Amino acid sequence: MNEIRRAIIIGNGFAGAENQCIGLVRALGLSDQYTLYRVIRPRGRINERFHWLPVSVHKQLEHAVQWIDVFSQFRGKKLVPIRAEGKDVQEANARHIAKVAKETFDRDGPILVVASGRDTIAVASSIKQLVPENVFLVQVQHPRSRLHRFDLVITPRHDYYPLTPEAQNQIPWFLRRWVTPQKPPDKHVVLTVGALHQADSVALRSAASAWHDEMALLPKPLLVVSIGGPTRHCRYGADLAKQLIASLKSVLPTCGSLRISFSRRTPKIVSDIIVNELSNNPKVHIWNGKDPNPHMGHLACADAFVITADSVSMLSEACSTGKPVYVIGAERCTWKFADFLKSLQCRGAVRPFTGEENISEKWEYSPLCDIEKAADEVIKALAERGWRLLSK
């Protein structure tokens, strides 16, 4: 009755958030014992302007607009919710999940519930409220307010940047009471350096084997370039693409091979510039977005990385490998992104990418081990409640 043998992940449809939950569940030995549910937010057309709304309100608005569409001239262009990938991924319903947790408790014991992302907060906290004795709830990423709704919160240290003197100087006094968090982390908040992820040693060994035929025989050193996309606090466009191209051309003589991949956040203007300038170089391979995603293979096989400063997830993964990581665009980042990049530089994990580097050069630093730390803290918190993981 006190053993946790299964987990439920509440996702939001975004790989960056869901991978954090899956990585934690893997680290806890439950990789084959979890069920993924998703909070599904409407997408398309005018829906993209309403992501700031709570999901429930957004859906009500979408239904209203659909009814308007029936009588409008826009035939066949109704708004539809994003579809979950995979037939066995269900939409997250707090009452349904709570019912399952309660009805199966005597037979299967308690459930570990792990959620990540703003849209998952309401569902995850409702499950905890409905069946507090049947679940242990972990919220990944800072939920902004009322942390007592969760058994454990796992969040990067830079989420508490608003409390630092530097941040306080950047916030107008009349807005300070609205900026979260407002209190330092308490005992049930676990602080990490970066984001959780799935790139543990087991996953990297598996990826190295899976991608061996394509990458193992490439001329060394292999430089992998991972390009994200601009955010509110890391703005860039064609200017950064041109800067990146110039720097890559400068270091190509010290590279054996160069592989480039884009994320789904990468603006077309950025990817087009890079493809046009570099795709004909025999040393360069650019992922076309259609073949199997080489991301894990890149992490496993690369000798060094160049990563755009906007992506906490990609930087966290690369810095967990212990390999050299170069960052481009850091000077364009503000607020907690700048604080995160500064913390990586202080650890010696990243260096700015200038185009003057010798890619054969190695340097040592202590790899990020956030996923192991987070898993240990979950195990400790479960023990305080009198529960334990079956595999532990």
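1. Start with burial. Of the 392 residues in the protein chain, 50% count as buried. Keep in mind that this is a predicted model. The chain holds 14 helices and 17 strands. Contacts reach far along the sequence: among those with a separation of 6 or more, 73% join residues 24 or more positions apart.

2. Now look at the open sheet. Six strands build it, in the order 13-12-11-14-15-16, and the pairing is parallel. The edges are strand 13 (284-286) and strand 16 (350-352), and each of these pairs on one side only. Neighbouring strands in this sheet are turned by 25 degrees against each other on average, direction ignored.

3. Where does strand 11 stand, buried or exposed? Strand 11 covers residues 222-227, and 6 of its 6 residues are buried, so it is largely enclosed by the rest of the structure. Check both faces. Leu 222, Val 224 and Ser 226 lie on one side, Leu 223, Val 225 and Ile 227 on the other, and all are buried.

4. Follow the pairing from strand 11 towards the edge. Strand 11 is joined to strand 12 (residues 257-262) by 6 bridges, and the two run parallel. Val 225 is a good place to look: Ile 260 in strand 12 stands opposite. Next along, 3 bridges join strand 12 to strand 13, again in parallel. Here Leu 258 stands opposite Val 284 in strand 13.

5. A helix covers part of this sheet. Helix 12 (residues 312-319) lies across strand 11, strand 14 (304-308), strand 15 (325-328) and strand 16. Helix 12 runs at about 165 degrees to strand 14.

6. Another strand pair deserves a look. Strand 9 (residues 152-156) and strand 10 (residues 189-192) pair in the parallel sense over 4 bridges. Val 153 stands opposite Val 189 in strand 10. Which residues of strand 10 point which way? Val 189 and Leu 191 point one way, Val 190 and Thr 192 the other, and all are buried.

7. Turn to helix packing. Two packed helices are described by the angle between their axes and the distance between the axes. Take helix 9 (residues 238-251) and helix 10 (residues 268-278): they pack at an angle of about 25 degrees, with axes 8 Å apart. Angles under 35 degrees count as roughly parallel, so helix 9 is roughly parallel to helix 10. Their crossing is right-handed.

8. Which residues make that contact? Helix 9 supplies Ala 238, Ala 241, Lys 242, Leu 244, Ile 245, Leu 248 and Lys 249. Helix 10 supplies Ile 269, Val 270, Ile 273, Ile 274, Glu 277 and Leu 278. By class, the contact of helix 9 with helix 10 has 10 nonpolar, no polar and 3 charged residues.

9. Compare a second helix pair. The axes of helix 3 (residues 94-103) and helix 5 (residues 121-130) come within 9 Å and cross at roughly 40 degrees. That angle makes helix 3 oblique to helix 5. The crossing of helix 3 and helix 5 is right-handed.

10. Finish with the residues of this second contact. Ala 94, Arg 95, Ile 97 and Ala 98 of helix 3 meet Val 123, Ser 126, Ile 127 and Leu 130 of helix 5. These residues divide into 6 nonpolar, 1 polar and 1 charged.

Key: Residues are numbered from 1 along each chain as its sequence is written. This is a predicted model: local features need pLDDT of at least 70, side-chain atom pairs count only at pLDDT 80 or more; totals for chains, interfaces and linings use all residues. Side-chain values use heavy atoms; hydrogens and water are left out. Axes are lines fitted to C-alpha atoms, for helices over the stretch in contact, and angles run from 0 to 180 degrees between N-to-C directions. Angles under 35 degrees count as roughly parallel, over 145 as roughly antiparallel, 65 to 115 as roughly perpendicular and the rest as oblique. A crossing is left-handed if the near helix is turned anticlockwise from the far one by less than a right angle, and right-handed if clockwise. Contact means heavy atoms within 4.5 Å. Ala, Val, Leu, Ile, Met, Phe, Trp, Tyr, Cys and Pro count as nonpolar, Asp, Glu, Lys and Arg as charged, and the others, Gly among them, as polar. Buried means under 20% relative accessible area, exposed over 50%, partly exposed in between (1.4 Å probe, protein chains only). Two strands pair if DSSP finds at least two bridges between them.
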